[in-house]
Amino acid sequence: MKVLWFHLMPYTELPEDFKERHPGVWVEIDPALFDPERAHVMYNDFMDELEFAAEQGFDGICVNEHHSNGYGLMPSPNLIAASLARRTGDAAICVMGSSVALYDPPIRVAEEFAMIDCISGGRLIAGFPVGTPMDTCYAYSRNPGLLRPRYYEAIDLITRAWREEKPFPYNGRFNRMRYVNPWPRPVQKPRPPVWVPGSGSVETWRMCYENDFVYAYLSYWGYKAGLGVMKGFWEEMKAMGAEPNPYHAGFLQAVGVAESRAEAVDLYAGPASYFYDRCLHLDPKFARPPGYVSEATVRSRITSQVSRAADQAIAARPFHSADANVLEQGHVIVGSPDEVADQLREVAINLNVGHLMLLLHFGDMSKDLTRYNTRLFAERVLPQIADLFDDEWEDEWWPSPMPSQSRAVPEPVAV
């Protein structure tokens, strides 16, 4: 089992009446709500937290890309990843990921990912998301009907650029380049492992099989709600002839650990309420641009988390100890270390996922509480789940770094 620490980097000071006074957190969010001086503190706290997670022994640390929103402050995750690559020693650097269909030309992603792989000594996991409709079709004005063809072509160009040993021309539908010859080139050969974050697209499942990519389901509604999507993924893999190797998949889960369940509910109720009420307050008009969702996915009756956040009442209901539904549905797993470990083993086994990406910071969680949650998880939960699947399957989708004695490994930094 590989356990990764995932940071969304949300803006943590949206007003209490945000949902009542503002139509959504994405695309048209009021610029006046953003305070650059406060963001200075947030960014540095967030990066401290990621470095702290690496020091605590998590297998990897994750960052991602979003635009024009208060839900995630990383329009360029590669900037954060480059710093983390220099400031950490052993943890995988998972950029989950760069929205390749937004780059013109996307060879820029091949170059920047190669830089990160070189700086880190071969610890990069390259994430290639399609991107949410808010990020791609509205914030960046991409045609939703052409988004997925652009996405496929960008991945083809990037991965070929990493494989080819000589300069070559590329003549695609959207990208025409006389000379493709990226410098630098990644440490990992023939390429870094590729993970594809998604929310349930049938086409994405098939692409992951055809290209030997990891499918990483990023759901904020917990493992019980995610069971149907992961069941569909594994059925599709079986139909295409793939083995049920759990390392072919990943799953995102929010977690809050404390000495007891009662203490965990008390500590994490506020941050969870902030996350569901404000960070996931989406304006429905941006959730379903025509052409973004394919016919095959519509026929499969899979609902994306974007649509769910826009439509369902759960995004508006506060999280508190009396609200048993939020706990029972597993949107946020909270409890003592043993309780959390038991639930995460259930998640991994029932969903058959060998990569768990955990939100140990969510909502407006303070730096101190994030450190407490991270340390307690690392010391008392991680040892209970680390051995899952190791005696049955090989993780073929994990970085292959240079030997530590051959690369620069910085001294741990106290935060």
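Helices and strands here are DSSP runs, numbered from the N terminus. The model you have open is predicted.

**Stop 1: Val 130**

Select Val 130. This residue sits in the loop between β4 (124–127) and α5 (133–139). Is Val 130 buried or exposed? Buried means under 20% relative accessible area. Val 130 has 9% relative accessibility, so it counts as buried.

Now show what surrounds Val 130. Leave out residues up to four places away in sequence, and Val 130 touches Thr 136, Leu 147, Arg 148, Tyr 151, Thr 204 and Tyr 292. Add Ala 101 to the selection. Ala 101 and Val 130 are 29 residues apart in sequence. In space, their C-alpha atoms are 7.1 Å apart.

**Stop 2: Thr 204**

One of the residues touched by Val 130 is Thr 204. Select Thr 204 next. Its home is helix α7, residues 202–211. Thr 204 has 3% relative accessibility and therefore counts as buried. Which residues is Thr 204 in contact with, leaving aside neighbours within four places in sequence? They are Val 130, Arg 148, Val 196 and Tyr 215. Arg 148 also appears among the residues that Val 130 touches.

**Stop 3: strands β2 and β3**

Select strand β3, residues 92–95. In a regular strand the side chains alternate between the two faces of the sheet. Look along β3 with that in mind. Ala 92 and Cys 94 point one way, while Ile 93 and Val 95 point the other way. All of these residues are buried.

Add strand β2, residues 60–63. How many bridges join β2 to β3? There are four, and the two strands run parallel. For one of the pairings, pick Val 63: its bridge partner in β3 is Val 95.

**Stop 4: helices α3 and α4**

Two packed helices are described by the angle between their axes and the distance between the axes. Use both to read the remaining stops.

Select α3 (residues 77–87) and α4 (residues 107–120). Their axes come within 8 Å and cross at roughly 15 degrees. Angles under 35 degrees count as roughly parallel, so α3 is roughly parallel to α4. The crossing of α3 and α4 is left-handed.

Show the side chains. From α3 come Asn 78, Ala 81, Ala 82, Ala 85 and Arg 86. They meet Glu 112, Phe 113, Ile 116, Ile 119 and Ser 120 of α4. By class, this contact of α3 with α4 has six nonpolar, two polar and two charged residues.

**Stop 5: helices α2 and α14**

Select α2, residues 36–55, and α14, residues 367–380. The axes of α2 and α14 lie 10 Å apart, at an angle of about 15 degrees. These helices are therefore roughly parallel to each other. The crossing of α2 and α14 is right-handed.

On the α2 side, find Asp 45, Asp 48, Glu 49, Phe 52 and Ala 53. On the α14 side, find Lys 367, Thr 370, Arg 371, Thr 374 and Arg 375. The contact of α2 with α14 has six charged, two polar and two nonpolar residues.

**Stop 6: helices α9 and α14**

Keep α14 and add α9, residues 261–279. The axes of α9 and α14 come within 12 Å and cross at roughly 135 degrees. That angle makes α9 oblique to α14. The crossing of α9 and α14 is left-handed.

Which residues make the contact? From α9, they are Glu 263, Leu 267, Tyr 268 and Pro 271. From α14, they are Leu 369, Tyr 372 and Asn 373. Five residues of this contact are nonpolar, one is polar and one is charged.

Conventions. Residues numbered from 1 in each chain as written. Predicted model: local features only at pLDDT ≥ 70, side-chain atom pairs only at ≥ 80, totals over all residues. Heavy atoms only, no water. Axes fitted to C-alpha atoms, helices over the stretch in contact; angles between N-to-C directions. Parallel < 35°, antiparallel > 145°, perpendicular 65-115°, else oblique. Left-handed = near helix turned anticlockwise from the far one by under 90°. Contact = heavy atoms within 4.5 Å. Nonpolar A, V, L, I, M, F, W, Y, C, P; charged D, E, K, R; others polar. Buried < 20%, exposed > 50% of the residue type's maximum accessible area, 1.4 Å probe, protein only. Pairing = 2+ DSSP bridges.
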